[in-house]
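Visitor: I would like a close look at one part of this model, the surroundings of the ligand. Please take me through them slowly.

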Amino acid sequence: MDLKSKLIALIQNGSEIEKCMNDLNLHLRETFQECHDYCFKSGQVYEDVLLLKIDSILDYLHDELNTGHWSEVPVTTRQTFTCVSFIKALVIVSSGADESVRNALKCVDLGLLLGAPLSENCGLMTQAAALFSESMSKPSSVRVLSKRKLPSNLGRVHGKEVPVLHCPSIEHFNENHFKPCYPAVLKDCISHWPAVTKWPDVNYLLELAGSRTVPIEIGSHYADENWTQKLMSLREFIYDHYLDSSSLGYLAQHNLFDQIPELREDIRVPDYCALAREEGVDPDVNAWLGPEGTVSPLHFDPKDNLLTQVYGTKEVVLFAPCDSERLYPHEGSLLFNTAQVDPYAPDLDKFPKYRGAGAYKCMLEAGDMLYIPLRWWHHVSALEKSFSVSFWWS
Ligand SMILES: O=C(O)CCC(=O)C(=O)O
Ligand SMILES: [Fe+2]
């Protein structure tokens, strides 16, 4: 079977794709119909012209996705983005042009990043991406030359050590940490994860996912004015920002595991996530992959977190929610959860109340998990190349 037929075979319910057309205005619906008919009925059409038409639909949807707050974008708009991205990938593959598989994969990844899973064809895009990845040539291996470890700066922060526990029972964790909202470093809880042995070899990630498009944060940290975000292939990120850490880039807070389900098989949701404050929900799982020197400035999140260190060392400074006023959160709605004070170099003239804040601090080594209770402030810096996985739940 050729690639186009394999892609079409992934569709479980074709009428779901046709339904998505209803979300478009009449003119765009006609254009989409034309592209759809080309893919499924084959006609004498120039792919270049079709691709231009599909891009005009994607541009229109892109504007819709970027209007208002992301959480308020109707899921049907995101599903239509998924469908159109899939059709675009089909047209690209049919064209058989140079690099067509790479370009089709990029288009499917954008569908995964910005779209939403369809109701009946929910695995369509991840399966399409797996098909493209399989049919691409595998890269030659790289050796990681720099195993640089930056010196710790924790000595500059006056504070208490976060308690360290060895794989505590769920009851102990619940009574002493989860219920009272008190942080802890949990050791020896992830030795059974395949990720612990597989991920430190960057060639594994390159081979499995080197051609996948991922969002990368560029700049010293997200509250810096020169900070930006870019989409690039994981390979580009690894070569340009991870192996060569002179240009700081961070694959941060990205749900890589929904995008690439093969990677999810390498990790396990910690048993502690079964504890719940209200109704139990599945945790939000995010990847944090970066070189030595990445910094997440002092901020808090609305959920409990188990920040898990698959490899590399990070150091973390924490403050309880009752210290919020002493940390001077940024004003305005965008950075309200980020502090103006840098706990490593506090400007006490500007931020005098910081004197009264009580820091907690810890090192997070490979294999450790840090329990960060909801709304606790945390500042995280990587001393080495590092891969962490966070589990946010409540
Ligand atoms: O590891 C990091 O850089 C930050 C992690 C973090 O802020 C989180 O998991 O909420
Ligand atoms: Fe965080």
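Guide: In this predicted model, the residues around ligand 1 are Y250, W288, S296, H299, D301, N305, L307, K314, H378, V380, S390 and W392. If you sort the residues of this shell by chemical character, you find five nonpolar, five polar and two charged. Turning from single residues to the elements that carry them, at least two residues of the shell come from each of strand 8 (295-299), strand 9 (304-311), strand 13 (377-382) and strand 14 (386-393).

Three members of the shell deserve a closer look for their polar atoms. Y250 places a polar side-chain atom 2.7 Å from an oxygen atom of ligand 1, while for H299 the distance between a polar side-chain atom and an oxygen atom of the ligand is 3.0 Å. W392, in turn, has a polar side-chain atom that lies 3.3 Å from an oxygen atom of ligand 1. As for how much of the ligand is covered, on its own ligand 1 has 300 Å² of accessible area, and the protein covers 100% of it.

For another view of the protein, you can turn to H36, which is part of helix 3, a helix that runs over residues 26-41. H36 counts as buried because its relative accessibility is 8%, and the cut-off for buried is under 20%. When its neighbours within four places in sequence are left aside, the residues in contact with H36 are I17, E18, M21 and I87.

Notes
Residues are numbered from 1 along each chain as its sequence is written. Chains are lettered from A and ligands numbered from 1 in the order in which they are written. This is a predicted model: local features need pLDDT of at least 70, side-chain atom pairs count only at pLDDT 80 or more; totals for chains, interfaces and linings use all residues. Side-chain values use heavy atoms; hydrogens and water are left out. Helices (H or I, at least four residues) and strands (E, at least two) are DSSP runs, numbered from the N terminus. Buried means under 20% relative accessible area, exposed over 50%, partly exposed in between (1.4 Å probe, protein chains only). Contact means heavy atoms within 4.5 Å. A residue is near a molecule or strand if one of its heavy atoms lies within 4 Å of it. A polar contact is a pair of N or O atoms within 3.5 Å; within protein, one must be able to donate a hydrogen and the other to accept it, and residues adjacent in sequence count only if both atoms are side-chain atoms. Accessible areas come from the Shrake-Rupley method with a 1.4 Å probe; for residues, only the protein chains shown count as cover. Ala, Val, Leu, Ile, Met, Phe, Trp, Tyr, Cys and Pro count as nonpolar, Asp, Glu, Lys and Arg as charged, and the others, Gly among them, as polar.
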